[in-house]
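Me: I should like to go through the structure below and ask, for each descriptive term, what justifies its use.

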Amino acid sequence: MQRTRRDILLFMGGGAAGAMLTPAPWRLVTDAAIWSENWPGIPRPARGEITARYTNCALCPAGCAVRARCVAGQPVSLAGVAGNPLSQGALCAFGLTGHQLPYHPQRLKQGTPEEAAAAVRGAMAKCGAGESVAVLDLAPGRAASWTYRRAMAAVANGVYLAPPPPLGGAAVNLAKARTVLSLGAPLLDGWGTPGNVHAARANFRLIQAEPWESRTAALADEWLPIRPGSEAALALALKDPKTAPSAAQATGLTEKQILDLANELTANGPALVLSADDLPEALALNHALGAWGQTLVARPEVPVPDAWKKAAPERVVASVPDNSIRVLFIDESVPGSHIPWGAIEKKLVRDNPVVVAFAWTLEGYGRHAQFTLPTAVYPELTSDIPPAIDSPAATFRISVSLVAPPAGMADPSAFIAKAAGIDAGNALQERADAIHKSGRGTLFTYADGKSTPLKDIKPDAFWKSLNEGATWLGGAEEPLTRRRGDAEEIPGELPSEAPRLRVSASDTFPLLVAFTTPTPATLSSPLMSKLYQDSDLRMAPNTAALHPDTARASGITGASRAVLETQYGRCAIGVIPDESVPPGMLEVAAGPEILDICGAFTRAKVVAA
Amino acid sequence: MIAANKPNKIARYGMSIDLDRCTGCGACMVACAVENNVPPAHEGATARKGITWIRVFKVDNGEEGPARRSVFVPVLCQQCGEDTPCVHVCPQQAVEVDPATGIVGQMPERCLGCRYCMAACPYHARFFNWWDPQWPAGMEKTLNPDVAPRMRGVVEKCNFCHGRWHAAKERAAAAGKSEIEAGAYVPACVESCPTGAIRFGDLKDAASEPAVAAKDAHSFRLLEKLGTEPKIYYHSKRDWVRQVAAAPKPPNGKENARG
């Protein structure tokens, strides 16, 4: 048989076609996939000894206990600490990704501390009569806060400013509540310590009065959809049923609903009334319901060294005269409340005020300050965390540094103390010593889950435990050294001639702003984009949802860009039409820009971009 | 050392999710991403192209105004026990049901990226890597060493944190046990849920919480009529929630109020 060139070509073609029916090409593809799986573009996780370290989350005032899984000393995941009496083993989405914050693309790494110090010295020397040097502390109650207060006491015209304490400084004892009326408070969506709230949830009936079906309203035992801005009218009517008819008109509820609710609060006590923005009417209703001393209590102060007690008093920004602050330090190294920049700016002197912000990103007040000095961020920083709003006991816990901060980070306490000419010392350890000296309370250690009476622990061991993850819980027998928010300070009677709307209706700003995220003041880990970009669970920062009818009235069609305007200014936002938002409301996921133009409760308008 | 004479127990891991406790906080979603080295959303990612091994949907009863009621429903791979659709369609045998655990595993090394499995999955619980995984500079230091990042062009999905199962198995072996004790192995979403809405355990263990939940009259499974025997049991005492789950499509025709 003679083989031709044609036969050879046919054989080769047939062989190639036949090979396609064997596992060979698939094997080739598989091997290529395995190879490409390991190509240099894909990061390789680091290896090393796996250990557990403990700290407390510093991303919000709850200060939940944290167990960090570390590989070669680097935290790779965070979890709650089971059995912790405060946080009950829970961590929120922000807290679970906190270990990624040091690598945030917006991280601030460089500053000019020498230039800032020189400018501060010059401005302090120039400070005239009626002018002041001020510290704005967004997270008061820390050891660092006491350093600021001591520093401002040492300066002739020093002022220590802090946001007004929620509930007048009182603490909530949820464990005692049997009925909770929430006037728009995000009780199940980040309010207080999430683990503590969820642990107490089974024991109280939750009634949520709120215009829109928030996360809390969705899970409440009863949701009362009231008209936007009518919370105060409802609270007033519950305290004084004579106003029920006018409250019914304002809220959209029936008189019977209001009277039934009033009866339930009285009959199924102890009751607790919470509001989203500390309405005085809600505080007065609590007083009338006998909540003070039951579900609202005066928490004992965490002991401080005697030498610290000559400190500047705590004041709110509104109490300072306009155009009077020549030097302003703003500490936002630890997230806290946000005060609109417009409210701060008008307090500054007109000619060349010096504003120094201590921050880990330029997204906050750093946008407005002459100097922004970079600071460590959780979990790099070491700072104590003041007691949470839902902790009736005094607490002391430290957010311990789990990773070393980069070089060149500023220490706000040391900087301000130096400017004021005092020695900051080791304020954390001094305060721990003062607590130990009191001999009261117990220490809960995270690694072994044990509670030990403080009197059985030596000072060095106490300090060591605090730095390895522990919480000091003050006992109830502690003397009340400070009675902020006590019943005497709460108005028992309020003018009841007419129910008032929370914010007056306005033709200029027809929409009522409601924030969806309770602690939006900081940037969160890029991984939080899973919740608002890779899914629709939450809205992205600087985005607002509004009813399609409201959107149409504002000239907006479909999801688009728009401009949000309030009395403080305007900023660009993304807009999503959503039928679940009642007409007349704007559900806002705040970012730094929105926070700057919105107060605690704000009316706004939206116009098409 | 594993006891030689004791045969390994065959488990059938499952989950129960109490919808009356889920607040839609998203802790499970980010904890899952941290545990399984899922990168932050790519610049071009959307809700359709994003990777979320567990995703919480907001579902409502279709009413307007004060009558509207919503529920948050975490949806992950339902770990189908019978006729697992993704296994049947995979041309690469990249999807397998582990006989020792009942977990439906995905092997990205074998995956061709044909996405047949995504089309076959009735729960939309599979995700395609449209981009190479990228983390902001420095953040790769926080990656979990127990899980390899996946490349562009492959499909991935929930595997009940299989890395944790291996770790638990190793711990058990180190302690001289052949079986993992109840509670020694839990996925990241279960550990992170602040309300305790998600529970995990062996469905063969009658005392485990999912096994107990499976028998509850208020429990249901998604698309049960397909006969795929999912191992995720949902629970709600609210009638309308169970009715919505049984309905052929959501009342408003959308999976998500903002979808």
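Me: What makes the fold of chain B rich in links between residues at least 24 apart in sequence?

Reply: Of the contacts in chain B between residues at least 6 apart in sequence, 64% join residues at least 24 apart. Two residues are in contact if their C-beta atoms, placed from the backbone, lie within 7 Å. The corresponding share in chain A is 74%. The model is predicted: local features need pLDDT of at least 70, side-chain atom pairs count only at pLDDT 80 or more, and totals for chains, interfaces and linings use all residues. Residues are numbered from 1 along each chain as its sequence is written, while chains are lettered from A and ligands numbered from 1 in the order in which they are written.

Me: Why is chain B called as compact as a globular protein of its length?

Reply: Chain B has seven helices and ten strands; helices (H or I, at least four residues) and strands (E, at least two) are DSSP runs, numbered from the N terminus. Its radius of gyration is 19 Å, close to the 18 Å that the globule rule gives for 259 residues, so the description applies. The radius is taken over C-alpha atoms, and the rule is 2.2 Å times the number of residues to the power 0.38. The C-alpha atoms of chain B fill a box of roughly 60 × 45 × 35 Å along the principal axes.

Me: Why is Ala120(B) classed as it is, buried, exposed or partly exposed?

Reply: A residue is buried if 20 or more other C-beta atoms lie within 10 Å of its own, exposed if 12 or fewer, and partly exposed in between, with C-beta atoms placed from the backbone. Ala120(B) has 16 C-beta neighbours inside 10 Å and therefore counts as partly exposed. Ala120(B) is found in helix H3 (residues 116-120) of chain B. Leaving aside neighbours within four places in sequence, Ala120(B) is in contact with Pro85(B), Cys86(B) and Val89(B). Ala120(B) is also 8.9 Å from His88(B), C-alpha to C-alpha, at a sequence separation of 32 residues. Buried residues make up 47% of the 259 residues in chain B and 54% of the 609 in chain A.

Me: How do you know which element of chain A gives the most to the side that touches chain B?

Reply: The contact takes 55 residues from chain A and 55 from chain B. On the chain A side, the elements giving two or more residues include helix H2 (24-37), strand S3 (74-80) and helix H6 (194-201). H2(A) gives the most, with six residues. By class, this side has 29 nonpolar, 15 polar and eleven charged residues. Ala, Val, Leu, Ile, Met, Phe, Trp, Tyr, Cys and Pro count as nonpolar, Asp, Glu, Lys and Arg as charged, and the others, Gly among them, as polar.

Me: What makes the contact of H8(A) with H10(A) nonpolar by class?

Reply: Helix H8 (residues 231-239) of chain A and helix H10 (residues 255-267) of chain A pack at about 60°, with axes 9 Å apart. Axes are lines fitted to C-alpha atoms, for helices over the stretch in contact, and angles run from 0 to 180 degrees between N-to-C directions. The contact is made by Leu234(A), Ala237(A) and Leu238(A) of H8(A) and by Ile258(A), Leu261(A), Ala262(A) and Leu265(A) of H10(A). The count by class is seven nonpolar, no polar and no charged residues.
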